[in-house]
Amino acid sequence: MLDFPLWKRVWYWGLTLVLAACALPSLFSIAGLPWPSALPDPRVNLGLDLAGGSHLLLEANEAQVGQQRLENMEEDVRSRLKGADPRIEIGEMSRGGGKLSFTLKDSSRVDDVRELIAPLTTGAGLSGQRDWDIQVVDGNRFVLSPTPEGIEQAIDNAMESAVEVVRKRIDALGTREPTIIRQGDNRIVVQVPGLQDPQALKSLLGQTAKLEFKLVDETAVPSDIVAGIVPPGSEIVPFADPTSASAGGVPAIAVKRLGGIKGDQLTNAQQAFDPQTNEPVVSITFNQQGGERFANLTSQNVKKRFAIILDGKVLSAPSINEPIMGGSAQISGSFDVKSATQLAISLRSGALPVDLKVMEERTVGPDLGADSIKSGMIAMLVGTTALAVFILITYGRFGVYANLALVLNVLMILGVMGIFGVTLTLPGIAGFVLTIGAAVDANVLINERIREERHRGRRVVQSVELGYKEASRAIFDANITNVIAAVLMFVFGTGPIKGFAVVLMIGIATSVFTAVTLTRMWVSGWLRKARPSDLVL
Amino acid sequence: MKLLKLVPDHTNIRFLKWRVPFYVISLLLMAASIGLVMTKGLNLGVDFVGGQMIRVTFERSAEAPVPELREQVAKLGFGEPIIQRYGQPNQISIRMKLPEGAEAESALSEKMASTITADIKRNHKDAKIDGVDSVSGKVSKELGWDAFRALGFAALAVAAYIWIRFEWQFGVGALFALVHDVTLTLGMFALTQMEFDLNIVAALLTLIGYSLNDTIVVYDRIRENMKKYRKMPMPELLDLSVNETLSRTIVTSLSILITLMALLILGPDVIFGFTAAIVLGIFVGTYSSVYMAAPVLIWLGVHSDSFVAKETEIDRQERLARERSSGIV
């Protein structure tokens, strides 16, 4: 039991020193000292509660994905049938109940239609299921219903691209090391350390930035718009700024549902100033295809008005004085420089495929975080020192071993956390305290047991051997129960509980090693060299 | 070198003599805690009820102008704020319910936060916004459920492990001690109305871990002594075990208290409630290992021979055969 061959000692010391050395970069960074860049630097991440910054939990509106898909399908079907030769006439079309259904005027062309729209569906998931289910009822009525697999895949795709858009927008803010991860089916967690203006981040992510250009339906009567009545094929869109109401003081406008242009075909968007009014505007540049479509729209509709719609609200509805051919345009709509810049960033990064809602927000000022970590470190230093003195005067030489194990334990925990890039949070510091407590307890158990065995009249070596052996059982049981608890907390807990559990798990592993294995090695070394006939304990 | 000895070598304190009165007191305290939690309720933070919390430090004031702030914030038309000190006297947290409709439109809660912070900054030049927490009702329900589940599963799994390693009575005893510790701590939070948030759940987990550690040390000694002294009556054996581990109990508790006191006095203000909960938990946990976890064993009928190997059918027939052949019958 007390026999430690050389290879074992080399191994133990090597492991200890390597892991403890890995703590140095973290210690340097906490103390604010520079770490030589030539050396590897495994470093503990400081949680937002310590470093300051913003944590946002965003949730996507899943229903909207289905709605959007339905709209796209309608447009695709319409353009396919319109483009068919000879053209296929549609009777009426509806999107009720989450399904797209339409009737054909000429029921003899059912098979043509089936052939035309079949390529609009694709396989979804691993089961080989199509993403849309096409049915023909009553001879000439088509019903396209989305399959669950199709919806799931659509949401999945939407979330993937939402994460990308979020990343682009945050990068545009020029912050360092943001964390953006998908969580569950429809959530995104965003963590940005050391952010000075969390408000800007939120308004940037809260904006879907779906830009549309749609023709104004001039046949709609203002009083009807107020009452919510629109001509067929049109829809009512409210103004973003109610004070800029159209003629008649109506805070909304009727636009044609189809035949507009979407703002996703941009190559650039910049904040600029209107040369005439000197007001902040956003100037946009279309890509080839978008530019052509925009030129078509404007040349076919000179003297008419079109509405610039952002996220379902009308920014402005200017008249088309002449065709706009150059592929670039200007968006005005009571901006200030800040909101125009934000819109430009959002447009550049692309529209979010789905609205994101902030479900949870946590912002910690950088000063508070810095104060927390400073006082936390001081407290740990003072606490550990006082503890070391207490252990020293209680156990003498055995106390020295216990203290050395304690210091190495703290360093090793930091080192392991650094290697795995674990994030240290305030509850993590509590996990640290518990671990230190448990580690000290192991040595207390052992030393008390050795004392007891000496009182029973056993010889020195035998007492030490029995002390370690008998105490190990309780130490083992206590640590296993803590591991069980920590694993469950990690699996079922959230946020702070997880942070606590991680430190606890690492701490249990290192503390058993330092408090039991290392001290036993040191004690046995001393016993062999000094051969004491009595213990001061 | 003379070493510090807090506990004399051979103590023989009759701890278990007082087990009934202590049990009655503990049960009463538990009942009182549950009563407090039911009537006064826990001062649940935004983590568990949803809402918004803004933390402010008044850098050049000795004390935060709480009544004035309450009036100012209430005037903004978002409802009555709950304003509470945290840490230093010049640090406060303002808690608000989320405005109507904020569940659907998160911009509303952002507007509330920016209106309130702008108003405070305008009226108090030295106000520094330390942080804003906004938690929607949906997320807060999830956080609460997750915390509850993590606590519950951890406690049950740990009790099951002790059952496997010892005997079922020990598992029940440990679980009972855990429930006792958590209940009393919750009672303290209801009594003092300190804010109860997710960090406090981490504190509860810490004290569960600690208290369990203590219980296992005592149980381990009980198991050892049960094998050693098979004829000793249980109360006496428990007393012996507690006395033998007394020195360790005191030294360990003191060690942790030293570290915690440093954290309580010098540590971050944000986790004052958290540390206070653990300090209380250390006392409660140490006490419960001796007076809750141990006596339960007597009442659940643990006998000194519980750890003696049970006689199997083969053993019994062999014994009978032996007895027959030696003519005892």
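How many residues lie between β3(A) and β4(A) in their hairpin, and which residue in the turn has a positive phi? I would like to start there and work outwards, keeping in mind throughout that what we are looking at is a predicted model. The hairpin formed by β3(A) and β4(A) has five residues between its strands, and the residue in the turn with a positive phi, of about 65°, is Gly97(A).

The two arms of that hairpin, β3 at residues 90–94 and its partner β4(A), run antiparallel and are joined by three bridges, and within that pairing Met93(A) stands opposite Phe102(A). If you follow β4 of chain A, residues 100–104, from one end to the other, you will see the side chains alternate, with Leu100(A), Phe102(A) and Leu104(A) pointing to one face and buried, whereas Ser101(A) and Thr103(A) point to the other face and are not buried. β4(A) also pairs with β8 of chain A, residues 141–146, again in the antiparallel sense, this time over four bridges, and there Leu100(A), one of the buried residues, stands opposite Leu144(A).

Let me move to another sheet in the same chain. This one is open and has four strands in the order β14-β11-β17-β18 of chain A, with antiparallel pairing. Its edges are β14, at residues 261–262, and β18, at residues 313–316, each of which pairs on one side only. The connection between β14(A) and β11, residues 211–215 of chain A, consists of two bridges, and Phe213(A) has Ile261(A) in β14(A) as its bridge partner.

Stepping back to chain A as a whole, we have 15 helices and 21 strands. The radius of gyration is 35 Å, where the globule rule would give 24 Å for 537 residues, so chain A is more spread out than a compact globule. Along the principal axes, the C-alpha trace of chain A spans about 110 × 60 × 45 Å. Buried residues nevertheless account for 44% of the chain's 537 residues, and, if we take the contacts in chain A between residues at least 6 apart in sequence, 69% of them join residues at least 24 apart.

Now to chain B, and to how the two chains meet. The contact involves 64 residues of chain B and 65 residues of chain A. On the chain B side, the elements that each supply at least two residues are α4 (107–123), β5 (127–135), α5 (137–165), α7 (198–228) and α9 (246–266), with the largest share, 15 residues, coming from α7(B). Sorted by class, that side of chain B has 39 nonpolar, 14 polar and 11 charged residues.

Strand pairing also crosses between the chains: β20 of chain A, residues 356–364, pairs with β5(B) in the antiparallel sense over five bridges, and in that pairing Arg362(A) stands opposite Asp133(B).

Finally, the division within chain B itself. Domain 1 comprises 15–41 + 140–299, and domain 2 comprises 51–135, and the C-alpha centres of these two domains of chain B lie 37 Å apart. The contact between them takes five residues from domain 1 and six residues from domain 2, and the residues on the domain 1 side of that contact divide into two nonpolar, one polar and two charged.

Technical notes:
Residues numbered from 1 in each chain as written. Chains lettered and ligands numbered in written order. Predicted model: local features only at pLDDT ≥ 70, side-chain atom pairs only at ≥ 80, totals over all residues. Pairing = 2+ DSSP bridges. Contact = placed C-beta atoms within 7 Å. Nonpolar A, V, L, I, M, F, W, Y, C, P; charged D, E, K, R; others polar. Domains from an automatic or database assignment. Rg over C-alpha atoms; globule rule 2.2 N^0.38 Å. Buried ≥ 20, exposed ≤ 12 C-beta atoms within 10 Å, placed from the backbone.
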